[in-house]
Amino acid sequence: MKKSKLYIVDVFAEEKYTGNQLAVFTHANSFSDQKMQQLAREMNYSETTFICSDQKEADGGYTVRIFTPEAELPFAGHPTLGTAYVIQRELLSQMENKIFLNLQVGQIPIIIADEFLWMKQNEPLFGQIFERSEIAPVLNLDEDEIDERFPIQDVSTGLPFIIVPIKSLSSVKKAKVDQELLNRLTQYTRGKSILIFCPETYHSGHDLNVRVFVDCYGIPEDPATGSANGCLAGYLVKYRYFDKDDIDLRVEQGYEIQRPSLVYLNAKYMDKKIDISIGGKVVLVVKGELV
């Protein structure tokens, strides 16, 4: 039996030690659920992935499981891109420009073009709409700091997030989740995590600033969240935030927790559906072996 190898990569990173950290274990087909959860807790990153098929399966994909320190996830963005990067660079005998991951939400294709990896996400599902009076106290913000022109809404492309449009970067910076109020609010809702965004950015070349709070999965704040940004991309197109039916954006995240990240969003209406792709760069930081 092959020993499991460990790779640590930074995803949505322009250079090492930025972006969102990910631990990837190969040759994990013999791991129990308990062992995967223990290893995810040991790594203590927002997510850890386990490649459970060393070779392509009959459907052309690789079975991958995703764990936070607290629970298994059916889908997550940066683990999908980071795992595809490891498969291409470390498991394949020759380079391929398309890799399929078999996740709990289904098969997800990843396109690799030069230094970028692109992931097509599922069709967004739009759920519950919230009042500003419900959300503002949860974020320790005043109601007038939330942009009333657009709804606060639960959106999912596989993992649900409550999308909150904020007017200014200063408001985004000072937002702080009141966990007790959030738990009370989301006791009976699909979405348990929150993405806030605004059109002001730290860098002039970026289009939006984003913060994502995912304490329900043991992560108070995530430095770069592909799944949440996919939901945001669908939201931006549906409500014509930029007054058009397609977007091609550079979104900054993680600056408030000293892990600057850059997520590329591409979305458009196509055949009466919203087509969403999320992209970014991946940097290899560590290679090791599980002993």
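A salt bridge is taken here as a side-chain nitrogen of Lys or Arg lying within 4 Å of a carboxyl oxygen of Asp or Glu. By this rule, the predicted model holds 18 salt bridges.

Several of these pairs link distant parts of the chain. Arg-259 and Asp-10 form one of them, with their closest N and O atoms 3.2 Å apart. Arg-259 sits in the loop between β15 (246–253) and β16 (261–270), whereas Asp-10 belongs to strand β1 (residues 5–11), 249 residues apart. Both partners are buried: Arg-259 has a relative accessibility of 15%, and Asp-10 one of 3%.

Glu-96 likewise pairs with Lys-56, again with closest N and O atoms 3.2 Å apart. Because Glu-96 lies in the loop between α2 (77–91) and β6 (98–103) and Lys-56 in the loop between β3 (47–51) and β4 (61–67), this salt bridge ties together parts that are 40 residues apart in sequence. Here Glu-96 is partly exposed, at 23%, as is Lys-56, at 42%.

Asp-275 and Lys-120 meet in a further salt bridge (2.1 Å, N to O). This pair joins strand β17 (residues 273–289) to strand β8 (residues 116–121), the two residues being 155 apart. Asp-275 is buried at 19%, while Lys-120 is partly exposed at 38%. In addition, shared partners join Glu-14, Glu-115 and Lys-281 into one network of salt bridges.

Turning to helix α1 (residues 33–43), Met-36, Gln-37, Leu-39, Ala-40 and Met-43 are buried. These residues lie on the same side of α1, because they cover an arc of only 160° around the axis. Gln-34 and Glu-42, on the other side of α1, are exposed.

Technical notes
Residues numbered from 1 in each chain as written. Predicted model: local features only at pLDDT ≥ 70, side-chain atom pairs only at ≥ 80, totals over all residues. Heavy atoms only, no water. Buried < 20%, exposed > 50% of the residue type's maximum accessible area, 1.4 Å probe, protein only. Helix = DSSP H or I, 4+ residues; strand = E, 2+ residues; numbered from the N terminus. Arc of directions from axis to C-beta.
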